[in-house]
Amino acid sequence: GRILDALERSGKADNTYVIFTADHGLAVGQHGLMGKQNLFDHSIRIPWMIAGPGIPSGKRVDDLVYQHCTFATTCELAGIPVPSSVEFPSVAGLIKGQGAPTFDAVFSRYLNYQRTVRTRDHKLIVYPQANRVQLFDLNKNPWELLSGDLAEEKSMAGIREHLMRQLQQFE
């Protein structure tokens, strides 16, 4: 808030975008873990906030995005072309309330030890070296409690296979 107030006082708020983002977090004891070496949401979700001209104040967007979209987004907001070498799309329309969700699923990994694909409703985590899979219904189990692991549930076989195919497309 102090930064935005200072911009207002300087007269530059009408042509300045402020973006706040950060690295992903630590487990700090969640799931019995201490660090970043996991793919549970508490450790891989990041803040991504933006304020500036044309951005609705106080609006929250819960769509799936990648932090890598920041560069293309800033280019679009500045009115300059996005270089063809940039792989991730702008989400400027989404944050302005003019666009549809960009991604139906997002992918993440940790070295050769873990892979995940996450949709709005489900998350599949694969541990290739341990030959283990976890599946979570994020609507019913948003904290990804291990007691809610659905990977072996027969009723979830279709979702598991669909997510596994999506995961293979990302790799």
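Helices (H or I, at least four residues) and strands (E, at least two) are DSSP runs here, numbered from the N terminus. This is a predicted model, in which local features need pLDDT of at least 70, side-chain atom pairs count only at pLDDT 80 or more, and totals for chains, interfaces and linings use all residues. Residues are numbered from 1 along each chain as its sequence is written, and side-chain values use heavy atoms, with hydrogens and water left out.

## The overall picture

You're looking at 5 helices and 6 strands. Read from the N terminus, the order is α-β-α-β-α-α-β-β-β-β-α. The C-alpha trace spans about 60 × 35 × 30 Å along its principal axes.

The protein has 171 residues, and 35% of them count as buried. Buried means under 20% relative accessible area, exposed means over 50%, and partly exposed is in between (1.4 Å probe, protein chains only). The accessible surface adds up to about 10900 Å², with 52% of that belonging to carbon and sulfur atoms. Those areas come from the Shrake-Rupley method with a 1.4 Å probe; for residues, only the protein chains shown count as cover.

Now for contacts, meaning heavy atoms within 4.5 Å. Take the contacts between residues at least 6 apart in sequence: 46% of them join residues at least 24 apart.

On the charge side, there are 18 positive and 18 negative charges, and their mean positions are 3 Å apart. Lys and Arg count as positive and Asp and Glu as negative, while His and the chain ends are not counted. Each charge is placed at NZ of Lys, CZ of Arg, CG of Asp or CD of Glu.

## Helix α3 and the cysteines

Helix α3 covers residues 70–78, and T70, A72, T73, C75 and L77 in it are buried. The cover over these buried residues includes β1 (18–21), β2 (48–51) and α4 (92–95). Just after α3 comes G79, with a positive phi of about 75°.

So why is there no disulfide at C69? Its sulfur is 12 Å from the closest cysteine sulfur, in C75, too far for a bond. A disulfide is taken as a pair of cysteine sulfur atoms within 2.5 Å, and the count by this rule is 0. Both cysteines are tucked away: C69 is buried at 0% relative accessibility, and C75 is buried too, at 4%.

## Two loop residues with positive phi

Most residues other than glycine have a negative phi. Here are two non-glycine residues with positive values.

| Residue | Phi | Loop |
|---|---|---|
| L111 | near 45° | between β3 (106–110) and β4 (114–118) |
| N131 | near 55° | between β5 (122–127) and β6 (132–137) |

N131 is also exposed, with a relative accessible area of 73%.

## E144, a buried acid

Where does E144 sit? It's in the loop between β6 and α5 (157–170). Is E144 buried or exposed? At 1% relative accessibility, E144 counts as buried.

A polar atom of the E144 side chain lies 2.6 Å from the backbone nitrogen of D41. For reference, a polar contact is a pair of N or O atoms within 3.5 Å; within protein, one must be able to donate a hydrogen and the other to accept it, and residues adjacent in sequence count only if both atoms are side-chain atoms. Setting aside neighbours within four places in sequence, E144 is in contact with H31, L39, F40, D41, H42, K123, F136 and L138.
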